[in-house]
Amino acid sequence: MRGTPDPQLAMLSSLSTEDLIPPDHPIRRIRVVVDAVLAELDPVFDAMYAAGGRRSVPPETLLKATVLMALYSIRSERAFCERLNYDLMFKWFLDLRIDQPAFDATTFTKNRHRLLEHEVADEFFAAVVRQAKLRKYLSSDHFSVDGTLLEAWASHKSFKPKDGPPSEPPAGRNVEVAWRGEKRANDTHASTTDPEARLYRKSRGTPARLCYAGHLLMEHRSALIVDAELTTADGYAERATATEMLARLPATARRRTVAGDKAYDTRGFVADVRGLGFTPHVAPNTSRPRSAIDARTTRHPGHQVSQRIRKRIEEPFGWIKTIAGGRKLRYRGRQRNRAWFRIAAATYNLLRITALDTRLA
């Protein structure tokens with residue numbers, strides 16, 4: 001017999017979101033690690049808010065929401081809050097009831113300054129790395145460094161002379177602009193949309209874009225990210241930031257290695273990392289008359305091993321750009337984009353930790 005739709009709503013229901021998520025769903029394993037990280041950050045959250053007054057949306061909820069946005073490729077906070085109203089798995093992950101309405105998207109905006117002031121993104125990333133360290137997934141001897149460009153939330157039309165006359169209001173929504181014959185440089189021009197973005201290109205033959213530079217430091221045992229940084233884009237940011245990230249690692253008496261591509265084959269970088277106690281396993285730049293490293297380094301089998309494992313650092317870069325939506329950044333200013341970049345890197349680590357937990361279970 002043919003069935004017919006029943007429009008009658010249930011008056012009472014004992015169903016909860018916990019009953020709707022399959023027991024073997026990967027999001028359950030991710031939530032276990034996230035809850036452990038947030039429990040560790042409880043003293044940080046206590047210092048962020050006053051003892052009295054109206055209750056805010058819990059900071060744990062905002063951080064969990066940011067993790068979900070990276071995991072499920074949700075482009076904006078407004079789109080996330082709209083989906084939160086009907087996605088029961090999201091409500092389960094955020095500890096919301098089925099009938100509880102989603103919070104407003106402006107909650108992110110109002111709380112962002114507080115989260116930046118207390119460096120919550122840095123604390124969250126460090127806590128995730130500690131979870132990996134507790135599981136003994138991290139190597140303390142072998143690392144790789146690399147950098148990439150992330151396009152800023154600003155267009156070429158906003159890149160205008162710093163000392164020029166005030167620009168007239170545009171005549172239309174998308175006015176044509178001709179730059180032929182005009183010399184534009186970061187010293188004389190700046191974006192009116194995001195003044196901290198820089199016009200830069202990765203290599204010859206590629207167009208210059210307003211962008212920031214993202215940097216990662218990866219360990220070699222499990223290909224986990226142990227440090228992440230976002231800086232202004234220039235020709236020296238990759239090597240300078242790599243040296244800073246290596247200097248932030250805990251000191252040890254053992255000799256360690258750091259791998260990198262040909263861009264790191266410079267005398268300055270090689271001398272700096274050797275001074276920090278690292279052996280530079282960088283790829284020799286054969287296009288130059290003389291490389292900064294010689295056969296005393298490249299003849300060892302460890303150099304070839306480092307160069308092979310080094311390529312895995314492209315995996316987190318690819319995930320952050322595609323799945324997490326970082327190919328074009330969503331915020332203005334380095335500080336806000338840096339916080340997003342570190343949380344996105346921490347989310348990638350969460351995926352790797354849960355995958356290793358499953359494999360070794």
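This passage goes through the overall make-up of a predicted model, then its helix packing, its salt bridges and a few individual residues.

To start with the whole chain, the protein has 14 helices and 8 strands. Its C-alpha atoms fill a box of roughly 80 × 65 × 55 Å when taken along the principal axes. Of its 361 residues, 45% count as buried.

On to the helices. Two packed helices are described by the angle between their axes and the distance between the axes. For helix 2 (residues 26-40) and helix 8 (residues 120-134), that angle is about 120°, and the axes are 9 Å apart. Helix 2 is therefore oblique to helix 8, since an angle has to lie within 65 to 115 degrees to pass as roughly perpendicular and over 145 to pass as roughly antiparallel. As for handedness, the crossing of helix 2 and helix 8 is right-handed.

Next come the charged pairs. Side chains of opposite charge can pair when their charged atoms come close. In this model the count comes to 22 salt bridges. One of them joins Arg28 to Glu18, with the closest N and O atoms 2.8 Å apart. Arg28 sits in helix 2 and Glu18 in helix 1, so this pair links distant parts of the chain, 10 residues apart. The two partners differ in how well they are covered: Arg28 has a relative accessible area of 19% and is buried, because the cut-off for that label is under 20%. Glu18, at 40% relative accessibility, counts as partly exposed.

Glu77 and Arg112 make another such pair, their side chains meeting at 2.4 Å, N to O. Glu77 belongs to helix 5 (residues 77-84) and Arg112 to helix 7 (residues 106-117), so the salt bridge ties together parts that are 35 residues apart in sequence. Here Glu77 is buried, at 13% relative accessible area, and Arg112 is buried too, at 14%.

A further salt bridge brings together the side chains of Arg135 and Asp357, at 3.1 Å from N to O. This one spans 222 residues and links distant parts of the chain, with Arg135 in the loop between helix 8 and strand 1 and Asp357 in helix 14 (residues 334-360). Arg135 counts as partly exposed, at 27% relative accessibility, and Asp357 is likewise partly exposed, with a relative accessible area of 23%.

Beyond these pairs, there is a network of salt bridges as well. It links Asp122, Asp227, Glu229, Arg248, Arg334, Arg338 and Arg342.

Strand 1 (residues 142-151) offers a residue worth a look, namely Asp146. With a relative accessibility of 4%, Asp146 counts as buried. Asp146 and Ala242 are 96 residues apart in sequence, yet their C-alpha atoms are 7.6 Å apart in space.

Finally, the surface. Leu15, Leu20 and Ile98 together make a nonpolar patch of about 240 Å². Of these, Leu20 is found in helix 1 (residues 17-20), the helix that also holds Glu18. Leu20 has a relative accessible area of 38% and is partly exposed. That value is enough for a place in the patch, because patch residues need over 30% relative accessible area.

Note on methods:
Residues numbered from 1 in each chain as written. Predicted model: local features only at pLDDT ≥ 70, side-chain atom pairs only at ≥ 80, totals over all residues. Heavy atoms only, no water. Patch = residues over 30% accessible without salt bridge, like charges linked within 9 Å, V, L, I, M, F, W, Y side chains within 5 Å. Areas by Shrake-Rupley, 256 points an atom, 1.4 Å probe, with all protein chains shown as cover. Salt bridge = Lys/Arg side-chain N within 4 Å of Asp/Glu carboxyl O. Helix = DSSP H or I, 4+ residues; strand = E, 2+ residues; numbered from the N terminus. Buried < 20%, exposed > 50% of the residue type's maximum accessible area, 1.4 Å probe, protein only. Axes fitted to C-alpha atoms, helices over the stretch in contact; angles between N-to-C directions. Parallel < 35°, antiparallel > 145°, perpendicular 65-115°, else oblique. Left-handed = near helix turned anticlockwise from the far one by under 90°.
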